[in-house]
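Subject: The structure I promised you

Hi,

Here is the structure we talked about, for you to open and turn around while you read. Have a look at it first, then come back to my notes.

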Amino acid sequence: MDRDKLADFLRRSRERLQPQEAGLAPGPRRRTPGLRREELAQLAGVSADYVMRLEQARSSQPSVQLLAALARALRLSADERDHLHLLAGHRPPAGTQAGTTVRPALRYLLDRLGDTPVQLITDLGDLLAQNALAEALFGCVCTIAEADRNIAWRWFTEPAVRAAYPEEEHDRLGRVRVADLRAAATRRGYDAASTALIDRLQAASPEFTELWQRHEVAVRRESQVRVVHPAIGTIEFDYELLQTLAEDQRLRVFTPPPGSPSVAALELLRALGPETAHHGHR
């Protein structure tokens, strides 16, 4: 908690907000700009004394419930609300959720990145879209039910899926998928979607259950990965996981190391097209 910066931000936010913007009558002539402390306290449902102590950097740490009330009363934007939480020593609320909706701009981006395999996935690992080169690398998912287009689900329930990766890396990749799913489920507060997926995996896979019980957690952001293509062989990629504007969607980008044989292998993959790919998403 940064009391001094929190005090300054609250005071200046209060002074910027005009009474009529907060749904209050302007009232008589004011000596100070913006809302009075008493008015902010009334709107937020707290005492004027506590607002004064906050603005004088003398308060205890406010709760997330109180911060939410102050943010509403001050008509803060999402960015300002998050800033308020961080100054008070709390994690900001979850951002915008897109679910399985793919924005047209993201579909356009996938198609424009024709030289690089790119996939759009949810934070739980559901494949939402991929470009043509990703389909050539991993295969089409058009014959797979949407509920089954989950990376962890297919990894632990379809042994053939693992053929797209070197066998000596299977154990590590299994742990990586479980640790990333643990992080996503925790961020979501174990909501209905994440709980249903975890329950389904535990019912279907003893391997997943054993790894889940280890309680390992790690957000997968970047790494190197080798993909075994049936016609070309092993292709090495630098793997980047990029956050989109939505809290629950990510872009998976696969780029060959510059100057490596994988650059030429990717060019050959582009020429061969999706027909030579593995059957189904990997």
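Below is what turned up, going from the helices at the start of the chain to the strands and the cores. Keep in mind that this is a predicted model.

**The early helices**

Start with helix H1 (residues 3-16) and helix H5 (residues 78-87). Their axes come within 9 Å and cross at roughly 150°. That angle makes H1 roughly antiparallel to H5. The crossing of H1 past H5 is left-handed. Which residues make the contact? On the H1 side they are Lys 5, Leu 6, Phe 9 and Leu 10, and on the H5 side Glu 80, His 83, Leu 84 and Leu 87.

H5 also meets H4 (64-73). Here the axes come within 10 Å, with a crossing angle of roughly 145°. This time the crossing is right-handed. H4 brings Val 64, Leu 67, Ala 68, Leu 70 and Ala 71 to the contact, while H5 brings Arg 81, Leu 84 and His 85. Leu 84 is worth clicking on, as it is listed in the contact with H1 and in the contact with H4.

Now find helix H2 (residues 37-44), where Glu 39, Leu 40, Ala 41 and Ala 44 are buried. What do the buried residues of H2 pack against? Their partners are H1, helix H3 (48-55) and helix H4 (64-73). Right after H2 comes Gly 45, with a positive phi of about 75°.

**Two loop residues with an odd phi**

Most residues other than glycine have a negative phi. Two residues in the loops go the other way. Ala 57 is not a glycine, yet its phi is positive, at about 60°. You'll find Ala 57 in the loop between H3 and H4. Is it buried or partly exposed? Its relative accessibility is 22%, so Ala 57 counts as partly exposed; the cut-off for buried is under 20%.

The other is Arg 75, which has a positive phi near 55°. Arg 75 sits in the loop between H4 and H5. With a relative accessible area of 45%, Arg 75 is partly exposed.

**The strands**

Strand S1 (residues 118-122) and strand S2 (residues 127-130) pair in the antiparallel sense over three bridges. One pair to look for is Gln 119 with its bridge partner in S2, Gln 130. The two strands form a hairpin with four residues between them, and in the turn Gly 125 has a positive phi of about 100°.

S1 is joined to S5 as well, by five bridges, and these two strands run antiparallel. Val 118, for instance, has Val 253 of S5 as its bridge partner. How many bridges join S4 to S5? There are six, again between antiparallel strands. Leu 241 is bridged to Arg 252 in S5. A hairpin through five residues takes the chain from S4 to S5. So where does that leave strand S5 (residues 249-255), covered or not? It is mostly covered, with six of its seven residues buried.

While you're in this region, look at Ala 231 in the loop between S3 and S4. Ala 231 counts as partly exposed, at 47% relative accessibility. Ala 231 and Leu 272 are 41 residues apart in sequence, but their C-alpha atoms are 8.9 Å apart in space.

**The nonpolar cores**

The largest nonpolar core has 37 residues. Which of them touch the most other members? They are Leu 137, Phe 156, Tyr 165, Leu 181, Leu 201, Phe 208 and Phe 237. Several helices and strands each supply at least two residues of this core, including helix H9 (170-187), helix H10 (192-204), strand S3 (222-229) and strand S4 (233-243).

Leu 201 is a good one to zoom in on. Leaving aside its neighbours within four places in sequence, Leu 201 is in contact with Ala 152, Trp 153, Phe 156, Leu 181 and Phe 208.

Apart from that core lies another, of 20 residues, among them Phe 9, Leu 10, Leu 40 and Ala 41. You have met these four already: Phe 9 and Leu 10 in the contact of H1 with H5, Leu 40 and Ala 41 among the buried residues of H2.

Happy exploring!

Technical notes. Residues are numbered from 1 along each chain as its sequence is written. This is a predicted model: local features need pLDDT of at least 70, side-chain atom pairs count only at pLDDT 80 or more; totals for chains, interfaces and linings use all residues. Side-chain values use heavy atoms; hydrogens and water are left out. A nonpolar core is a set of buried Ala, Val, Leu, Ile, Met, Phe, Trp, Tyr and Cys residues joined through side-chain atoms within 4.5 Å. Buried means under 20% relative accessible area, exposed over 50%, partly exposed in between (1.4 Å probe, protein chains only). Contact means heavy atoms within 4.5 Å. Two strands pair if DSSP finds at least two bridges between them. Axes are lines fitted to C-alpha atoms, for helices over the stretch in contact, and angles run from 0 to 180 degrees between N-to-C directions. Angles under 35 degrees count as roughly parallel, over 145 as roughly antiparallel, 65 to 115 as roughly perpendicular and the rest as oblique. A crossing is left-handed if the near helix is turned anticlockwise from the far one by less than a right angle, and right-handed if clockwise.
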